[in-house]
Amino acid sequence: MTTATVLLALVVVVALAFDFTNGFHDTGNAMATSIATGALQPKVAVTLAAVLNLVGAFLSVEVALTVTNAVINIQNSKGAPNPELVADGGYALLLIILAGLVGGIVWNVLTWLLGLPSSSSHALFGGLIGSAIAALGMSGVKWTGDGSKLDGVLGKVVLPAVASPVIAGLVAALGTWFIFRVIAGVAERFTDQGFRWGQIGSASLVSLAHGTNDAQKTMGVITLALIAAGQWTDTTSVPLWVKVSCAFAIALGTYVGGWRVIRTLGKGLVEISPPQGMAAESASAAVILTSSHLGFALSTTHVATGSILGSGVGKPGAHVRWHIAGRMVTAWVITLPAAGLVGAVMWYIGHLLGGLAGPVVVVLILMALSTFMWVRSRRQPINAGNVNDEWQPTVQAAEMERVS
Amino acid sequence: MNNVTLALDGAWKVLVTSLLLGAGLPIIFALGVRARAFAAGGDAEVDGGRPRPVGNVLALVCFVLVLLGIALGITIVVASGFGKAVSLQHVYPTIVSK
């Protein structure tokens with residue numbers, strides 16, 4: 001077995017691990033509101049989301065092989081890797097991908113530990129940007145694209161991150177406001193029962209959309225790695241085992257459920273009632289589907305957070321915890337550079353050690369950091385049993401400070 | 001700056017469509033819930049009117065509209081996964097190649 005083959009195996013495993021974190025980090029985007037209002041039992045909600053993510057991952061046959069093209073220059077527009085990076089069994093390119101994935105995972109796990117919903121796509125892009133800068137210099141990054149369409153870091157990452165939560169928030173706020181006008185005079189018990197189904201339906205749609213969008217990204221990354229290593233040549237399809245393993249990785253992650261993130265989204269921002277939950281998830285589903293239909297990249301997390309905030313703004317008399325929202329926005333802003341920094345450092349470590357030792361050490365560091373953060377999370381575990389506990393600002397804030 | 005222009009151009013399209021589907025459908029759903037309470041009367045309403053069965057018909061219309069909207073949403077997801085798009089050019093949705 002050559003060094004490049006081992007490296008390829010590491011990339012595949014780490015990519016699936018990223019897919020897994022992508023799943024558990026984003027469970028809350030679809031299900032937080034249904035869990036918070038009790039429309040679904042927590043375990044039922046994550047199971048439903050997992051199944052829909054699995055279905056979603058298989059539904060999409062479009063090849064996302066060019067996923068890295070949005071932000072960095074390591075492959076051409078057809079998806080083939082740049083020739084100068086694939087010498088030596090693809091070592092150079094594989095190391096960039098490995099370091100980038102590690103950056104994405106570390107950031108995902110850290111933000112999960114802090115209970116902050118941050119974008120998994122931004123974490124992945126950030127990690128890749130960091131490792132590409134380290135390996136190729138500034139020219140390795142596509143900052144703006146060629147101007148013919150929304151592209152590059154600005155067009156595919158920054159602008160959608162600014163616009164999508166605002167749009168989702170507006171839609172959810174208006175929806176919520178009108179809904180409460182319409183149902184004024186109806187007994188609460190009656191509306192809660194009715195909106196329960198609306199919530200489940202709209203949340204399911206968000207889960208399905210998530211599966212079709214996010215599992216694709218990992219499939220694209222793994223296939224790119226296979227091509228770079230000379231194990232796959234077709235740039236128009238994804239190997240079946242890649243598809244199956246990515247689908248199951250994201251579904252498993254979703255099922256495990258990022259309870260810390262679910263709690264923040266469902267209980268931390270606003271006290272959600274069933275009508276608000278339905279308004280929020282419908283707004284999310286509509287924005288995600290419309291955007292992907294029109295070919296815009298966006299983060300499910302940003303949309304879901306914007307929607308939930310909007311549903312708080314739209315309900316007369318509701319209390320929105322803006323300081324929690326502020327923390328989230330801060331996390332969003334630093335996601336890209338933070339994951340990038342980790343990606344870059346990992347690339348340097350891998351590159352300096354070189355050979356087989358480099359990538360192996362990088363993976364060991366990833367395992368050590370993840371285990372450390374997981375152990376920290378056990379100090380104040382959040383799970384299906386306590387995810388809906390009353391949000392106590394002081395205790396929660398103190399805990400967040402202590403963990404961070 | 002082209003990216004910004006393109007983003008603004010895309011953003012308002014997303015906003016308008018999302019308002020129609022993402023806020024419009026839940027409002028119709030809410031009307032359905034309202035109509036059901038209207039039909040049930042009694043303790044379904046705050047001031048407890050008598051049952052008015054016509055509300056059930058209105059509710060049915062609302063819920064069917066919402067279901068059609070959801071079906072459209074799922075079709076869009078599935079179709080785009082298979083390289084197709086749902087066109088609304090003829091008012092009613094048709095599946096076309098992307």
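This note covers the main nonpolar core, one helix pair and the contact between two chains.

1. The model is predicted: local features need pLDDT of at least 70, side-chain atom pairs count only at pLDDT 80 or more, and totals for chains, interfaces and linings use all residues. Residues are numbered from 1 along each chain as its sequence is written, and chains are lettered from A in the order in which they are written.

2. The largest nonpolar core (buried Ala, Val, Leu, Ile, Met, Phe, Trp, Tyr and Cys joined through C-beta atoms within 7 Å; buried means 20 or more other C-beta atoms within 10 Å, with C-beta atoms placed from the backbone) has 168 residues. A:Val11, A:Val14, A:Leu94, A:Leu98, A:Val102 and A:Ala225 touch the most other members. Helix 1 (residues 3-37) of chain A gives the most to this core, with 18 residues.

3. Beyond its neighbours within four places in sequence, A:Val102 has contacts (C-beta atoms within 7 Å) that include A:Val14, A:Gly127 and A:Met346.

4. Helix 5 (residues 152-182) and helix 9 (residues 274-294) of chain A pack at about 140°, with axes 8 Å apart. The axes are lines fitted to C-alpha atoms over the stretch in contact, and angles run from 0 to 180 degrees between N-to-C directions.

5. Among the residues of helix 5 of chain A that meet helix 9 of chain A are A:Ser164, A:Gly175 and A:Phe180. The residues of this contact divide into 12 nonpolar, 7 polar and no charged (Ala, Val, Leu, Ile, Met, Phe, Trp, Tyr, Cys and Pro count as nonpolar, Asp, Glu, Lys and Arg as charged, the others as polar).

6. The contact between the chains takes 41 residues from chain B and 50 residues from chain A. Helix 1 of chain B gives the most to the chain B side, with 26 residues.

Technical notes
Buried ≥ 20, exposed ≤ 12 C-beta atoms within 10 Å, placed from the backbone. Helix = DSSP H or I, 4+ residues; strand = E, 2+ residues; numbered from the N terminus. Contact = placed C-beta atoms within 7 Å.
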